[in-house]
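Take a look at the structure below. This report walks through its pockets, its cores and some of its charged pairs.

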Amino acid sequence: MDKPMRLQKYLAEQGLCSRRQGESWIEAGRITVNGKKAILGQTVTGEEKIAVDGKPVRAQNRKSSYLILYKPRGYVTTLNDELGRKCVKDLIPKISSRVYPVGRLDKDSEGMLLLTDDGELANRLASPATHVPKTYRVTVNGELTSKHIETMSQGMALDDGEQLQPAEIKVREQSETRSVFHITIYEGKNRQIRRMCEQLGLTVKLLKRESIGNLRLGNIKPGQTRFLTDDEINYIKSL
């Protein structure tokens, strides 16, 4: 590496963590550079002796891994859960890379979850500034009215005052007791779609993420994974 870069970015490019995790590790004093505790904002060239918890980080030119997991309901999007709940780590296949989730799906939701050890890409996709479209299939109790659609499509404000960007709605099934629709959002607020529906008086029964940008689940079933194709990898890197 010729050009100096922030330490957390370097750690991410080595597949050790995301940049945000790297910052946390630095703040916690877990990282040393040439035997001294690292500080936030520090830059490195890769020629230094860098260690995590005393274990040397060896620079390597490696090929990153990119997978899609169909997360089933009942699993939390974490690699470790102190409450002992089922987590997506249990579903990740044994591969040489240490992959981790990009973004989250709440415990009661299902669908596409991107996994990678490419920390730089993960950080970019998770950034609110990227505005990667994500499409979900939602089933709610009751009728999805034209007023509901208008409110979500114009960019509603949540009860806590948080302003959302306009969403795209396509109704698939509709009756007085049950409605099914696709919603595309361009941000990733915590439990965003559930909060939107709750505020409109709609009870979510099923919530499934079907796509991230142009990426689709494919033919995999809940709990299964697949590696991205070269075309799909090139696509997500272009976002």
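The lining of the second largest pocket is mixed: five residues are nonpolar, three are polar and three are charged. This is a predicted model. Which residues line the second largest pocket? They are Q21, L79, N80, K89, I92, P93, K94, I95, S97, R98 and V99. The space inside comes to about 230 Å³.

Now turn to the largest pocket. Its space is about 1300 Å³. The lining counts 44 residues, and V102, G103, R104, A126 and G188 lie nearest the centre. Several elements give two or more residues to this lining: α2, β8, α3, β10 (134–141), α5 (192–199) and β13. Helix α3 supplies the largest share, with four residues. By type, the lining of the largest pocket splits into 17 nonpolar, 15 polar and twelve charged residues.

How can such spaces be found at all? Rolling a probe the size of a water molecule over the atoms shows where empty space is left.

Next come the charged pairs. How many salt bridges does the structure hold? There are eleven. Three of them are set out here.

| Salt bridge | N to O distance |
|---|---|
| E120 and R19 | 3.6 Å |
| R73 and E110 | 3.0 Å |
| E198 and R191 | 3.4 Å |

Start with E120 and R19, whose side chains meet in a salt bridge. Why does this pair tie together parts that are 101 residues apart in sequence? E120 sits in helix α3 (residues 119–126) and R19 in helix α2 (residues 19–27), so the bridge links those two parts. E120 is buried, at 17% relative accessible area, because buried means under 20%. R19 is partly exposed, at 25% relative accessibility.

The side chains of R73 and E110 also form a salt bridge. R73 lies in the loop between β7 (66–71) and β8 (100–102), while E110 belongs to strand β9 (residues 110–116), so this pair ties together parts 37 residues apart in sequence. R73 is partly exposed, with a relative accessible area of 45%. E110 is buried, at 12%.

In the third pair, E198 meets R191. E198 is partly exposed, at 49% relative accessibility. R191 is partly exposed too, with a relative accessible area of 36%. Beyond these pairs, D160, E162, K189 and R195 are joined into one network by salt bridges that share partners.

Now for the nonpolar cores. The largest has 28 residues, and I68, L114, L115, L228 and I236 touch the most other members. At least two residues of this core come from each of β7, β8, β9, α3 and α6 (230–238). Strand β7 gives the largest share, five residues.

What does L228 contact, leaving aside its neighbours within four places in sequence? The list is Y66, L67, I68, L114, L215, I233 and I236. Apart from the largest core lies another, of 21 residues, with Y136, L158, I185 and L207 among them.

One last residue is S211. Is S211 buried or exposed? At 5% relative accessibility, S211 is buried. Its place is in strand β13 (residues 203–212). Setting aside neighbours within four places in sequence, S211 is in contact with M112, P133, K134, T135 and R216.

How values were computed:
Residues numbered from 1 in each chain as written. Predicted model: local features only at pLDDT ≥ 70, side-chain atom pairs only at ≥ 80, totals over all residues. Heavy atoms only, no water. Salt bridge = Lys/Arg side-chain N within 4 Å of Asp/Glu carboxyl O. Buried < 20%, exposed > 50% of the residue type's maximum accessible area, 1.4 Å probe, protein only. Contact = heavy atoms within 4.5 Å. Core = buried A, V, L, I, M, F, W, Y, C linked by side-chain atoms within 4.5 Å. 1 Å grid on protein atoms, 1.4 Å probe; cavity = no way out; pocket = protein on both sides within 12 Å on 5 of 7 lines; lining within 4 Å. Points joined across faces, edges and corners; volume = space filled by probe spheres on them. Nonpolar A, V, L, I, M, F, W, Y, C, P; charged D, E, K, R; others polar.
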